[in-house]
Amino acid sequence: MNDYENSTPQGYATPVQPAYGPSQELSPTVTKMDWFLFVILTSIPVVNLLALIYFACDKEKPSRANFARLQLILIAVAVGLFLLFALAFGGCMALLTYGNAI
């Protein structure tokens with residue numbers, strides 16, 4: 001190596017490397033079997049809502065809790081959009097069927 005690579009330009013400080021490593025303790029990982037059971041439980045129609053609510057409140061595994069919260073939000077959005085379109089379509093059908101009698 002030559003002197004050029006080892007020297008810093010005048011007027012500039014030598015950059016300090018940040019310490020690499022977790023600054024806080026990492027959360028426990030979710031195993032493949034945990035995810036498998038999660039998918040199986042959320043595939044059953046009524047059990048899925050109960051399982052998602054249970055997993056959304058899980059303090060031990062935050063990654064699974066965040067995923068369950070996301071799923072609950074997506075279900076709520078899908079139900080809301082379904083109701084919006086059902087009301088709009090129902091109103092159009094009622095107007096076509098009964099005309100101005102409503």
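1. A helix, as the word is used in this note, is a DSSP run of H or I at least four residues long, and helices are numbered from the N terminus. By that rule, D34 lies in helix α2, which spans residues 32–43. The model under discussion is a predicted one.

2. Overall architecture. The protein contains four helices and zero strands. Read from the N terminus, its elements follow the order α-α-α-α. Of the 102 residues in the protein, 13% are buried. The surface that the protein exposes amounts to about 9000 Å², and carbon and sulfur atoms supply 69% of this area. Among contacts between residues at least 6 apart in sequence, 38% join residues at least 24 apart.

3. The nonpolar core. Which residues make up the largest nonpolar core? Six residues do so: F38, A51, L52, F55, A56 and A68. Helix α3 provides the largest share of this core, namely four residues. One core member, A56, touches A65, A68, R69 and L72, when residues up to four places away in sequence are not counted.

4. Aromatic residues. The structure holds five aromatic pairs. Ring pairs link W35, F38, Y54, F55 and F67 into a cluster. Two residues of this cluster, F38 and F55, also belong to the largest nonpolar core.

5. D34 in helix α2. Is D34 buried or exposed? Its relative accessible area is 19%, and because buried means under 20%, D34 counts as buried. Not counting residues up to four places away in sequence, D34 touches K61 and R64. With K61 the link is a polar contact of 2.6 Å between the two side chains. As for R64, it stands 30 residues from D34 along the chain, and the C-alpha atoms of D34 and R64 are separated by 9.2 Å.

6. D58 in a loop. Where is D58 found? It sits in the loop between α3 (45–56) and α4 (62–98). D58 counts as buried because its relative accessibility is 15%. The side chain of D58 has a polar atom 3.2 Å from the backbone nitrogen of E60. A polar contact of 3.0 Å also joins the side chain of D58 to that of R64. Leaving out residues up to four places away in sequence, D58 touches R64 and A65. R64 is thus a shared partner, being touched by D34 and by D58. A65, in turn, is touched by D58 and by the core residue A56.

7. N48 in helix α3. N48 is found in helix α3. At 16% relative accessibility, N48 counts as buried. Neighbours within four places in sequence aside, N48 is in contact with L41 and T42.

8. Cysteines. How many disulfides does a search of the whole structure find? The search finds zero. A disulfide is a covalent bond between the sulfur atoms of two cysteines. C57 has a relative accessible area of 55% and is therefore exposed. C92 has a relative accessibility of 46%, so it counts as partly exposed.

Conventions:
Residues are numbered from 1 along each chain as its sequence is written. This is a predicted model: local features need pLDDT of at least 70, side-chain atom pairs count only at pLDDT 80 or more; totals for chains, interfaces and linings use all residues. Side-chain values use heavy atoms; hydrogens and water are left out. Helices (H or I, at least four residues) and strands (E, at least two) are DSSP runs, numbered from the N terminus. Buried means under 20% relative accessible area, exposed over 50%, partly exposed in between (1.4 Å probe, protein chains only). A polar contact is a pair of N or O atoms within 3.5 Å; within protein, one must be able to donate a hydrogen and the other to accept it, and residues adjacent in sequence count only if both atoms are side-chain atoms. Contact means heavy atoms within 4.5 Å. A nonpolar core is a set of buried Ala, Val, Leu, Ile, Met, Phe, Trp, Tyr and Cys residues joined through side-chain atoms within 4.5 Å. Accessible areas come from the Shrake-Rupley method with a 1.4 Å probe; for residues, only the protein chains shown count as cover. A disulfide is a pair of cysteine sulfur atoms within 2.5 Å. Rings of Phe, Tyr and Trp (its six-membered ring) pair if their centres lie within 6.5 Å; planes under 30 degrees apart count as stacked, over 60 as edge-to-face and the rest as tilted.
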